[in-house]
Amino acid sequence: MPKMMTRRNFLIAGGLVGGGIAVAYALGGDDGVSVFEKTAAAGEYPLNAWVKINTDGKITVAISQAEMGQGIYTALSMLVAEELEVDLDKVTPEAAPVDPKYANVVAVMDSLPFSDGHHKGEATAGAWLMRNVGEMLGLQVTGGSTSVRNFWEPMRHAGATAREMLIQAAATKWGISADQCVAVNGEIKTRSGDKSATYAELVEDASKIKLDRDIPLKDPKDWKIIGKSQKRLDLPSKVDGSAGFGVDVVLPDMGFAAVRIAPVFGGTVKSWDDTAAKKMPGVLKTVKLDNAVAVIADSFWRAKMAVEEIEVTFDDGGNGSLDMDNIYGMFEKNIAAGDGRSYVDEGDTITALENSGDKLQAEYKVPFLAHATMEPMNCTAKVGDDSVEVWVAHQSATLAAWLAEQAADVPAENVKVNTTYLGGGFGRRAEVDFLVMAVKIAKEYKDKPVKLIWTREQDMQHDMYRPAALSKFSAALGKDGQIDAFHNQIASPSITRQFTQRLLPWAGSDMPDNTTAEGSADMPYQFANKLVEHFPSPTPVPVGYWRSVGHSYNAFFTESFMDELAAKTGADPIDFRMKHLSDHKDFSDVLQKLAKLSNWSSPLGKGKGRGVSLHESFGSIVGQVAEVSVDADKNLSVDKVYCVVDCGTIVNPDTVIAQMESGIIFGLTAALYGDINLDGGKVVQGNFPDYQMVTMETCPEIIVELAPSGRPMGGVGEPGTPPIAAAVTNAIFQANGDRLRQLPITKAGYSI
């Protein structure tokens, strides 16, 4: 059996179901303890897979999700602290080991490749299927705005279970029943108040207790921490510089690796001569890979200088003539061929359009985008004869372990993954191509750690990009001014297809990919006839998950076109949307709150415009209004952004606001400047001077209102990003009548 055809891979491809979820939090004494024992120091007692307490009173909480600035170390710690009855500052978060106990099942459920109904939650066959697959696979991943949604119950149960174990330990010690004891701020006390003991004093005895029942969770009316803004636990170390990111890793006898990667996608090393590089000071080893050459030296700078001296010829993998005209031309051709995959087909859209006397058509485009994380890709790896250890900032603990095992060709039980802080992820670190490269290089320098660092240029030119996409709309308007028929034809490469093939090269090449149509197929607006299709358009450009994925461009497409339709009927943009939301009060409530927050009906001065956009993604509804100023020379400023979010139950309000602000700035950067293009099969952009970011000077004032309606909990890491592009372009239309149908905005001659 080939090494790639492991049991786990077979299960992924086969989609087999069955088995039970590993309940790591439940019932003290189960094997969840053994998972956390791997990291326990002397005097530390794990009470389950999430909570350990030492005899000095330190409470440590295992966090299985990567902290990349989104505040997950704080939010998940809050869930445990709430049930454990301790203040948040008494809890120390710690990166969890890699183990199926920490599976992110919601992430797998959200990856259902085909449309499974809108707003039906888990009451669908597809959701049931993916839950079972997720439980079986045990994938430990961070992404899709799923962290709190997935661990909302498990981590509260972990805290509650630990609390009960401590109570029972105290009751046994004092010879009374457990119901005579209560947990209060890190102590167990008798209800009469005559006895007390700290968790530190009780934890050894508590760790021996086996519970025979599930412990009920606190009533929300008794919450002291959840729902109240808390200070970030990771912030002090990031302010004082003590936080450890991947690029900060330093180990004894460590070598530093620099690479030169084939510049054209799909290219490989045709020939090389490392004679000159080997003579340079500090050089320890030269390495040839399939698509790159590398140098290991005693410093990164020396490695970088030496790798430039290697005489290497790359072939172009047959992609040396690729450019954006080729790619957009292919999108047009594929749509014209009419061989699309339908993600929603309600009514008879084609007939309704043919019979309509009042139609509107438009075409929109967006480019490839890089992730441009502040910390470029890097990984430290140490490979022995039958073991591999990596230190890496990643979003895919399970994939990191699997692919390190494969690249080093060692037994799975001899793989260790050390997770560091991430200097930005946005989906880029869900891929582990740089980890595989680091392990392969370290394999040539046995038994010593090697830190591979990509330069900013390599990071930007060898990304897994947000797909370029094209969308063709046709809509028919009824006599009442409402949309009668809506047809959206989207062409783009498929992320799911590429990601699966990178992981499982033997897997099927054609499959549905819900991310291609998300945000359009599942839009809430009600039309009698609706057809949304995707036209698969594979390219040699590697594409991957980028913050908010398909929502990032489909929100721009659909909310811009809705604005066009509103303008055509002469309706107010918010009123027009409200007319198509009669069955979705939660959406119309957000719009109404947004209109009030932004003072929507108030007049703006000459050269100013106000635009609206409404979008649901990852279970959260976000509405945004942008205010812009633009003059006759197309000098543009985005002055204010108003944002209303309904994400259901809120754990840390301060984090939700921060995530909305962050998502808006991220999306605004892409809308204003983001553009990865190709020349001769190579990425043109290389660093921030030609891949510009929103700066302090160009950042608008952002006003966020939290408006939870009681709907199921949604994610917050990504939903702030999708609406902003359309809000800004719709505002530009209001300001000067210029309808922008292609991003970035600067491409239309605007200066920021």
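Biologist: How many salt bridges does the protein contain by the rule used here?

Modeller: This is a predicted model, and the rule looks for a side-chain nitrogen of Lys or Arg within 4 Å of a carboxyl oxygen of Asp or Glu. Side chains of opposite charge can pair when their charged atoms come close. By this rule, the count of salt bridges comes to 39.

Biologist: Which residue forms a salt bridge with Glu-363?

Modeller: The partner lies in strand 19 (residues 469–477), whereas Glu-363 belongs to strand 14 (residues 359–366). The pair links distant parts of the chain, 109 residues apart. The closest N and O atoms are nevertheless 2.6 Å apart, which is inside the cut-off of 4 Å and therefore counts as a salt bridge. The partner of Glu-363 is Lys-472.

Biologist: Is Lys-472 buried, partly exposed or exposed?

Modeller: A residue is buried under 20% relative accessible area and exposed over 50%, with partly exposed in between. The relative accessible area of Lys-472 is 25%, and Glu-363 also has a value of 25%. Lys-472 therefore counts as partly exposed.

Biologist: How many residues apart in the chain are Lys-608 and Asp-639?

Modeller: These two residues form a salt bridge, with the closest N and O atoms 3.8 Å apart. Lys-608 is in strand 22 (residues 608–617) and Asp-639 is in strand 24 (residues 636–646), so the pair links distant parts of the chain. Lys-608 is partly exposed at 37%, and Asp-639 is partly exposed at 28%. Along the chain, the separation of Lys-608 and Asp-639 is 31 residues.

Biologist: Which residues do salt bridges with shared partners join into one network?

Modeller: A salt bridge pairs Lys or Arg with Asp or Glu. Where such bridges share partners, they join residues into one network. The members of this network are Glu-67, Arg-232, Asp-234 and Lys-238.

Biologist: Is Asp-89, the salt-bridge partner of Lys-90, buried or exposed?

Modeller: The closest N and O atoms of Lys-90 and Asp-89 are 3.5 Å apart. Lys-90 counts as partly exposed, with 44% relative accessibility. For Asp-89 the value is 60%, and the limit for the exposed class is over 50%. Asp-89 is therefore exposed.

Biologist: Which residues are joined by a cis peptide bond?

Modeller: Most residues other than glycine have a negative phi, and most peptide bonds are trans. In this bond, omega is about 5°. The proline involved is found in the segment after helix 21 (724–736). The residues joined are Leu-743 and Pro-744.

Biologist: Phi of Phe-618 has a positive value; is this residue buried or exposed?

Modeller: Phi of Phe-618 is near 55°, and the residue lies in the loop between strand 22 and strand 23 (620–630). Phi of Asp-447 is also positive, near 70°, in the loop between helix 14 (433–443) and strand 18 (450–453). Asp-447 is partly exposed at 47%. Phe-618 has 14% relative accessibility, under the limit of 20%, and is therefore buried.

Biologist: How compact is the protein for its length?

Modeller: The protein has 21 helices and 27 strands. Its radius of gyration is 27 Å, close to the 27 Å that the globule rule gives for 752 residues. Of these residues, 58% count as buried. The radius therefore shows a protein as compact as a globular protein of that length.

Notes:
Residues numbered from 1 in each chain as written. Predicted model: local features only at pLDDT ≥ 70, side-chain atom pairs only at ≥ 80, totals over all residues. Heavy atoms only, no water. Helix = DSSP H or I, 4+ residues; strand = E, 2+ residues; numbered from the N terminus. Rg over C-alpha atoms; globule rule 2.2 N^0.38 Å. Buried < 20%, exposed > 50% of the residue type's maximum accessible area, 1.4 Å probe, protein only.
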